[in-house]
Structures are given as structure tokens and as C-alpha cells.
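Colleague: I am new to this structure, so please take me slowly through a close look at a single part, explaining each term as you reach it.

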Amino acid sequence: MECALSGHLPFHLHSSPSNPLNHRNNNVQFFRTKASTTSPLKSPKFSSKTQRPFQEEDGFPSSPPLHTKNPHAIYKDIQRFARQNKLRKALAIMDYLEQRGIPVNVTTFSLLLAACVRSKSLTEGKQIHAHIRINGLENSEFLRAKLVRMYTSCGSLEDAQKLFDECTSQSVYPWNALLRGAVISGRKRYPELLSIYSEMRELGVELNEYSFSSVIKSFAGASALRQGLKAHALLIKNGLIDSSVLRTGLIDLYFKCGKIKLAHHMFEEVPERDIVVWGAMITGLAHNRLRKEALDYVRWMVSEGIYPNAVILTTIFPVIGEVCEQKLGKEVHAYVVKTKSYSKQLSIQSAMVNMYCKCGDIDSGRQVFYSSRERNAISWTALMSGYESNGRLDQALRSVIWMQQEGFRPDVVTVTTVLPVCAKLKALKHGKEIHAYAVKNCFLPNVSLVSSLMVMYSKCCLLEYSFKLFDGLKARNVICWTAMIDSYVENGHFNEAFTVFRSMQLSKHRPDSLAMARILGACRKLKALKLGKEIHGHILKKNFVSIPFVSSEIMKMYGSCGLTDCAKLIFDAVPVKGSMTWTAIIEAYGYNDLCLDAISLFDKMRSDGFTPTEFTFKVVLSICCQAGFVDKACHIFSLMSHKYKLKASEEHYSLIIRLLTRFGRFKEAERFKEMSSLSS
């Protein structure tokens with residue numbers, strides 16, 4: 001999808017009270033479609049006039065001529081500008097020095113090139129390269145390495161390669177710069193890095209710690225386990241395995257390849273663990289969904305006298321939220337407040353907002369957000385996500401307007417966050433406005449964003465829009481394929497869902513566990529046993545059967561097709577059962593009118609120590625309604641409210657009221673109606 005408008009998109013600001021909770025206007029326009037002449041966030045425009053050349057009096061007013069000054073003092077001025085990333089000012093002095101024939105030393109050029117790397121300033125970097133040639137330093141091995149790194153960091157790999165090819169030295173430093181550039185360029189450059197690494201070994205270039213650091217980072221990014229194991233062996237052979245940097249890199253590599261035990265072994269071999277090693281271990285466990293283990297390592301780290309830094313804090317707050325350990329979250333929050341430097345960091349504040357919202361404490365999340373002196377698009381997006389996860393969908397939508405009133409533009413992540421809210425509310429008008437905003441700001445084609453748009457349109461019953469978006473995507477991934485399958489299933493177009501699934505199988509993107517679960521749902525609704533068995537075979541082949549939501553869908557599919565014995569076999573084969581698995585087998589029995597057996601399974605689930613969820617109670621109450629178990633249904637409703645402290649939804653109330661009314665127990669039904677109106 002092409003960008004419809006490349007310029008800045010202004011925002012429609014709405015007059016509203018300063019307190020967003022007092023805002024009650026739902027019919028608001030999110031984004032103005034007419035261009036505006038002013039914007040508080042517009043980038044500064046540089047004057048088109050030619051910049052006045054640097055004069056002596058600019059730097060040294062009322063002083064002797066510049067060329068008579070101590071050159072080292074001049075170098076310090078240039079170096080100061082370089083450290084401040086003020087490259088234009090530094091280059092103005094460089095031009096003046098060139099006119100006067102005053103040479104510049106290697107250290108100054110090194111700092112200037114480092115500033116180009118930090119600010120990704122390719123144009124200034126090329127000018128500095130020209131000055132290096134003018135000063136006759138183009139053959140400096142040190143500066144060549146710095147230049148190669150500058151070009152690769154700024155994305156000009158052709159210039160970096162050309163400069164590297166001119167190098168006659170067999171030193172490792174230019175090679176390291178080339179490796180580093182390939183790592184910065186991301187996963188797409190992995191084959192290129194592998195080629196450079198192989199060539200280095202063939203030519204006998206002695207790889208050092210920095211060479212292996214770049215190589216291991218690239219292998220980790222590409223999840224190249226086999227190459228990583230070879231590099232690990234080479235580190236042992238070359239006597240570099242004791243490097244803390246390389247050990248940390250190997251821990252990261254093994255975690256990203258899913259090899260948890262190897263990462264543990266690597267960690268245990270580190271004699272003196274610094275904050276970086278601990279951080280790699282905690283982050284790796286968190287990314288592999290080993291949340292409790294990640295928090296255990298945080299406690300272990302603190303007991304060793306090492307306290308979390310900003311990186312670890314932004315990692316563990318989401319983990320705390322996911323396991324709903326709010327007490328621990330408050331302790332970490334107190335530590336953040338105590339260390340004043342961390343409390344001012346927006347990334348940490350956003351992580352705290354996210355943590356409280358995931359724990360269901362939206363008020364504490366809002367308190368953290370509104371007590372912050374500074375906010376940005378990330379912190380606003382965290383608050384929107386919190387509103388959405390806590391069911392405050394209207395506030396999540398209104399937050400898009402409030403953030404614009406503060407002068408912050410919604411970015412791709414914000415748009416992707418708010419689209420599911422539009423889908424749940426079926427707010428088609430707002431969804432279309434957001435779609436238009438995404439087009440005008442060149443956010444498309446972004447696969448995650450397109451997938452969210454597809455789901456939004458399908459929820460609003462505009463399936464043809466979903467298909468148009470999907471059909472217009474040239475670079476598809478598993479997410480958008482699954483979104484298209486999901487869209488067809490949601491709207492009851494099961495045969496079309498099967499067709500997309502077949503096309504996905506023929507593409508380079510093989511169905512993942514989520515796609516398998518979605519298509520099994522379609523098989524269940526159509527009672528397509530043959531296709532269901534075929535999908536089950538694929539699941540066994542890919543070892544997805546251990547994933548709870550996949551095994552649950554298999555059980556429900558067999559139950560829906562009347563094969564409760566097969567569903568029970570699947571259930572018995574699941575090694576680690578959870579609430580989702582138990583609910584699925586209860587539902588499978590309910591499909592076949594085996595209501596007493598289903599209720600017995602529910603009782604066994606509770607006696608075995610498993611906690612039923614809201615969905616479990618919904619399934620069991622519908623089975624009671626189906627079988628006419630009035631007293632049992634009342635008992636189960638009481639368990640849900642009093643023992644498990646779960647808030648009954650409208651569906652729960654509807655089921656129990658319908659059952660009581662059917663059996664003439666009108667007074668009790670009326671009492672439940674009153675309870676329902678009070679809770680809503």
C-alpha cells in the first residue's frame with residue numbers, strides 16, 4: 001500500500017476539561033483530514049541561505065590570528081563540539097583550518113567519526129572522510145577502521161565495503177568494523193556477516209574478543225544455534241572463553257535459540273557476575289516466559305549485593321504484571337522512587353503503569369502516569385493498553401485525543417494498540433479515522449498494523465475490507481495469515497477459512513500454533529472431523545500438542561464431532577494440566593449431553609487443586625442449564641462469587657436467570673436480576 005501523503009498530519013484538538021475523567025463526548029473525531037499550516041511538533045527548518053564561513057572572531061574574539069594559537073587548544077574546541085554532536089560547528093572550524101593549512105590530529109578525527117556514528121550523520125561523515133584525505137591520513141589503519149564503522153552504522157554498506165577493499169593490512173580492526181556494521185544492520189544481513197566471518201577464518205585473520213562479540217550477537221539475532229555452538233567451541237580453543245562479554249553473549253544466544261539449560265550452564269561458569277551477566281539471564285528467562293524463574297534470579301541478584309539497573313527494571317515490571325505479583329511490584333516501585341534517577345526515566349514509568357494495569361489496579365497505574373512531570377507517546381500507549389486490558393474501552397479511545405492535546409503524535413505502536421479497542425467496541429467510524437491517519441503518516445504497509453486493521457474490520461462485519469488489506473500485502477507473515485483465517489472464522493465463513501489455511505500451507509510461512517488452533521475452531525463448528533484429524537497430525541509433527549490452547553482446541557474438536565473417548569485420550573496425555581485443559585474436556589463432554597460426567601470432571605478439577613476461571617464457570621453453568629440442574633447451578637454460582645471471588649458477568653447472570661425462570665422459581669430469578677443490575 002503506497003503512502004498517500006508524505007507530509008505532517010495535523011491533529012484535531014478538542015476543547016475538554018483538564019481532568020480527562022470529566023470528558024463525556026464520545027462522538028469525537030480522532031484525526032483531522034485537512035492539512036494545517038502549523039504544528040507544535042514540526043521539525044525545525046534550516047535557512048536556505050548559505051551559512052556564513054567560520055571567522056577568527058567567532059571562536060577567538062580580540063585574540064591573535066588563529067594560526068598562531070596552540071593547535072592543541074583548537075583541537076580541544078573541535079573535540080568538545082564532537083562530544084556534543086555539534087558536527088556542523090566542528091566542520092566550520094575544520095574548513096577554516098584547511099584554508100590556513102593547519103593539520104588535524106588522529107584523535108580529533110576519531111572523536112568526530114564517533115559523533116557521526118552516534119547521530120547517524122552520513123553527510124557529515126563523508127565531509128570528515130574528505131578532511132582525513134586532505135590531511136594525508138587515509139592510510140591510517142586506526143582511522144580506516146573508524147571510517148568503515150561509521151559507514152556501516154549510517155547504513156552505507158557499499159562505501160564501507162569499498163573502503164575495506166582498499167585496505168591492504170591484515171589487521172583485525174577493519175574486519176571488526178565490517179562485522180559490527182552487519183550486526184547493526186539487523187537480521188537481514190546475517191548471511192553477509194557469516195560470509196565475512198568465514199573469510200576472516202580462511203585468510204587466517206586472528207579474531208579477538210570484539211570480533212566474536214559481533215559474531216555471537218548476529219548468531220543470537222538469527223537464532224543460529226549450530227553456528228553458535230561452533231563459535232563457542234572456537235572460543236574455548238582460542239582461550240577467549242573467560243571473557244565476561246563473550247559469556248554474556250553466549251547466554252543471550254542460547255536463550256534466543258530456546259536452549260535454557262545451556263544458558264544456565266553458561267551462567268554457572270561465570271565466576272564474577274556483574275550487572276550485565278545478571279541482566280542477560282533475567283531478560284532471557286523473561287523472554288522465554290519463565291516468569292517465576294526470572295523473579296527468583298532478581299531476588300538472588302539482590303542477595304548478592306547487586307541492585308537492578310534501568311534495563312533490568314524495564315524487563316521485570318512486565319513480568320511482575322503477568323504473574324500479578326502486585327506486592328512485589330510495589331516493593332520495586334519503592335526502590336525506583338528511592339533511586340531518584342530511575343524515577344525520572346519515562347521507560348521505567350511506562351513499565352510501572354503497565355505493571356499496575358496488568359495486576360488489575362488501574363487507579364495506581366493512573367496515579368503513576370499523572371504524577372509524572374514528563375510524558376511521551378510510549379507512556380500514553382501504556383495507559384491506553386491498561387484501560388483496554390481492564391475493560392475501560394471508552395477511556396482507551398478518548399486517550400488518543402488527550403495525548404494529542406498534550407502535543408504527542410500517535411505512533412505505529414499506539415495505533416496498533418487502539419485498533420483492538422475499536423474492534424471490541426465495533427467503533428467503525430473511529431477505526432476508519434485511525435486507518436486514514438495510518439495511511440497519511442506512511443505507517444503502512446506494516447504487517448502488525450495491517451493485521452490489526454483486518455481484525456477490526458472483520459469484527460465490524462466488513463469482511464471484504466479485511467480481504468482487500470490482506471490481498472494488498474506483498475510481504476506477508478504468519479500473523480497476517482492467522483488474522484485472515486480468524487476473520488473468516490469470526491464471520492462464519494468456514495470454507496473460506498479452510499482455503500486460506502491451504503494457501504498458507506503452500507506459502508513459505510507454515511502455520512504456527514495459533515493458526516492451528518484457529519482452524520481447529522472452524523473444524524469444531526463445522527464438525528469437519530477429517531480435516532480436524534489432519535490438523536491434529538500436523539500438530540503432533542510440530543510438537544504443538546503440549547501448548548495448552550492447542551490441546552484444548554483438539555479436545556473440543558473431537559468432542560464436537562462426538563468422539564469423547566478421543567478427547568479423553570488427549571486430556572490424559574497432557575503432562576501438565578491447567579484450568580484451560582480442564583475446561584476444554586468439560587466442554588467436550590457437554591457437547592455430547594454427558595452432563596453428569598461433565599459436572600463430575602468439574603468437581604475433580606477443584607479437588608485436584610485447579611482454580612476455575614470465569615470461562616470455566618460459564619461452561620459449567622451452560623451445561624447445568626442444558627441438563628436442568630437448577631440446584632447444582634445455584635451452588636456453582638455461589639462458589640464462583642464467594643469461594644473464588646470472581647465477578648459474575650452478564651452471561652453468568654443470564655444463564656442462571658433463564659434456568660430458574662424455566663423451572664418456575666421466579667422469586668430467585670428476580671433476586672438474580674437485581675444483583676445483575678447492581679453489579680453492572
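Modeller: Before turning to the pocket, note that the structure holds zero disulfides (pairs of cysteine sulfur atoms within 2.5 Å). This is a predicted model, in which local features need pLDDT of at least 70 and side-chain atom pairs pLDDT 80 or more, while totals for chains, interfaces and linings use all residues. Residues are numbered from 1 along each chain as its sequence is written, and side-chain values use heavy atoms, leaving out hydrogens and water. Cys357 is unpaired because its sulfur lies 9.3 Å from the closest cysteine sulfur, that of Cys359, too far for a bond; with 3% relative accessibility, Cys357 is also buried (under 20% relative accessible area, 1.4 Å probe, protein chains only). Cys625 is likewise in no disulfide, with the sulfur of Cys624 as its nearest at 8.6 Å, and Cys625 too counts as buried, at 6%.

The part to study closely is the largest pocket (an open set of 1 Å grid points where a 1.4 Å probe fits, with protein on both sides within 12 Å along at least five of seven lines), whose volume is about 590 Å³. It is lined by 21 residues (those with an atom within 4 Å of a point), and the closest to its centre are Arg518, Glu553, Lys556, Met580 and Phe615. Helix 27 (478–490), helix 29 (513–526), helix 31 (548–560), helix 33 (579–591) and helix 35 (614–627), where a helix is a DSSP run (H or I) of at least four residues, each give two or more residues to this lining. The largest share, six residues, comes from helix 29.

Notes:
Grid points are joined across faces, edges and corners, and a volume is the space filled by probe spheres set on the points. Buried means under 20% relative accessible area, exposed over 50%, partly exposed in between (1.4 Å probe, protein chains only).
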